[in-house]
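Please walk me through this protein chain in the viewer, stop by stop. Tell me what to select and what is there.

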Amino acid sequence: MEQGNYSVGLDIGTTKIVAIIGRENEYGKIEILGTGRSKSLGVHRGVVNNITQTISSIQQAVEQAEVNAGLKIGSVVVGIAGQHIRSLQHSDYITRPNAEEVINDEDLDKLCNQVYKLVMLPGEEIIHVLPQEYKVDGQSEIKQPIGMYGGRLEANFHVVVGQVSSIKNIGRCIKSAGLDLANITLEPLASAEAVLSQEEKEAGVALIDIGGGTTDLAIFKDGIIRHTSVIPFGGNVITEDIKEGCSIIEKQAELLKMKFGSAWPGENKDNEIVSIPGLRGREPKEITLKNLSKIIHARVVEIVEQVYVEIKNYGHEEQKKKLIAGIVLTGGGSQLKHLKQLVEYITGMDTRIGYPNEHLAGDSDEEIASPLYATAVGLLMNALETSSKNTAPELEPQEQEFEGVLVEENAQAAVSGGTNTLQKERKSIFDKWSEKLKDFLDNAE
């Protein structure tokens, strides 16, 4: 198979690492060719803290996916999360030399590259620059200014910032696992691609992705990303609480949570008891399901309230910013029983569970359509989008854009002080891409 035919998304999570190989079929749906999953060792709250273990976990997942698909994996698109991620709003403008010429892609890129040169705190780097609305000569609320005339082009940007060291560590793990890094994208944005419909993004929606180590939030309104945030709590802290509260080992706590756990204590009767075998011949422990769900309830309420604070910070309570489509829950943690009802109760917003099956071909494995794989499917969609732009010869490198997520190409141009003038010769974008990333990672060491 040629490179352009299939792409790979790699989700490096706190509890699991998932590699998904897929391609687009003739109906524009994604056909999954192979998946690999391994236990994630060496990642804590979305950040790599043991490179050797992470590399071997990545290799395991990738090998499994290769065997399933009968294909060799070359480059991957990876997601980034973790509590070091923060976002900020920024406005910038450029003055065009000739107001009689129409605004084109180059003007937009020039404006975006200008934002990449913003001075960040020491040790931070811009991951994404996402344009929101444009202004042309004072005329505001323009979604797409290409083709208009004007001398002053202004825009509001949603800038996502992360720690350089975390980004480099991910790059190093990918490189050491024998893979090329095609792109890095923010995990909540990837999950949003997989589970949200365009109507929801227009109406206003908050996507809450509850993973093992972090809970990611992405808010959309009028089809544009408005707010992103990463909260450093996820399903693992719930397991930890059960372990402490019931004095049992982690493995048993995880099983209890998945099998009998509920976010709503009211539904369990006092006499419902589950017996846990004791360690090494000790007496078995008896745990009431009411106590179990009280422990889970307390922690889930804490997580949901933190997310709700972020939703209020965005301004959900203002009439103009109201999120009409409410909340979409996804990620492994969203499978907890009665979580949807609890979220509705705390926030008063309509809630549904998000499944990434809308974009998948009909014959896909049911397991992949689980909320657990939302981020991985979103990363695969990003990878397919990037590679389809790469293979189109008439496209300039600047035009590699995925729903407003600018590819690292521009980021690197900005990092190097804009010195890399885009060559016009037909050297494939993908080659330039990998060269740039290799240089970046080599310099990082």
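The tour below goes from the whole chain to a helix, the cores and a few ring contacts.

**Whole chain.** Begin with everything displayed, and keep in mind that this is a predicted model. The protein chain has 445 residues, of which 54% are buried. Its secondary structure amounts to 12 helices and 20 strands. Taking contacts between residues at least 6 apart in sequence, 67% join residues at least 24 apart. Switch on the surface: about 20100 Å² is exposed, with 48% of it supplied by carbon and sulfur atoms.

**Helix H1.** Select residues 51-69, which form helix H1. The 19 residues should span 27 Å at 1.5 Å a residue, and the end C-alpha atoms are 27 Å apart, so the two values agree. Now colour the buried residues of H1: Thr54, Ile55, Ser57, Ile58, Ala61, Val62, Ala65 and Glu66. An α-helix has 3.6 residues a turn, so residues three or four places apart point the same way. To see what covers the buried residues of H1, add strands S1 (7-12), S2 (16-24) and S3 (30-39), which are among the covering elements. Helix H3 (164-176) is also included in that cover.

**The largest nonpolar core.** Keep Ile58 selected and add Leu10, Ile12 and Ile174; these four touch the most other members of the largest nonpolar core, which has 58 residues. Helix H10 (residues 374-391) gives this core its largest share, six residues. Centre the view on Leu10. Beyond its neighbours within four places in sequence, Leu10 is in contact with residues including Ile17, Val18, Ile58, Val62, Val77, Ile174 and Leu379.

**A separate core.** Another core, of 38 residues, lies apart from the largest one. To find it, select Ile296, Val301, Val304 and Leu329, which are among its members.

**The aromatic pair.** The structure holds one aromatic pair. Select Trp264 and Tyr345: their ring centres are 5.5 Å apart and their planes stand at 90°, so the pair is edge-to-face. Trp264 is in the loop between helix H7 (250-260) and strand S15 (273-276), whereas Tyr345 is in helix H9 (residues 339-347), 81 residues apart. Are these two residues buried or exposed? Trp264, with 29% relative accessibility, counts as partly exposed, and Tyr345, with 64%, counts as exposed.

**Charges over rings.** Finish with two more selections. Show Phe233 and Arg299: the charged end of Arg299 sits over the Phe233 ring, 5.7 Å from its centre. Then show Tyr314 and Lys321, where Lys321 lies over the face of Tyr314 at 5.5 Å from the ring centre.

Notes
Residues numbered from 1 in each chain as written. Predicted model: local features only at pLDDT ≥ 70, side-chain atom pairs only at ≥ 80, totals over all residues. Heavy atoms only, no water. Core = buried A, V, L, I, M, F, W, Y, C linked by side-chain atoms within 4.5 Å. Buried < 20%, exposed > 50% of the residue type's maximum accessible area, 1.4 Å probe, protein only. Helix = DSSP H or I, 4+ residues; strand = E, 2+ residues; numbered from the N terminus. Contact = heavy atoms within 4.5 Å. Phe/Tyr/Trp six-rings, centres within 6.5 Å; stacked < 30°, edge-to-face > 60°. Lys NZ or Arg CZ within 6 Å of the ring centre and 35° of its normal. Areas by Shrake-Rupley, 256 points an atom, 1.4 Å probe, with all protein chains shown as cover. Expected span 1.5 Å × (residues − 1).
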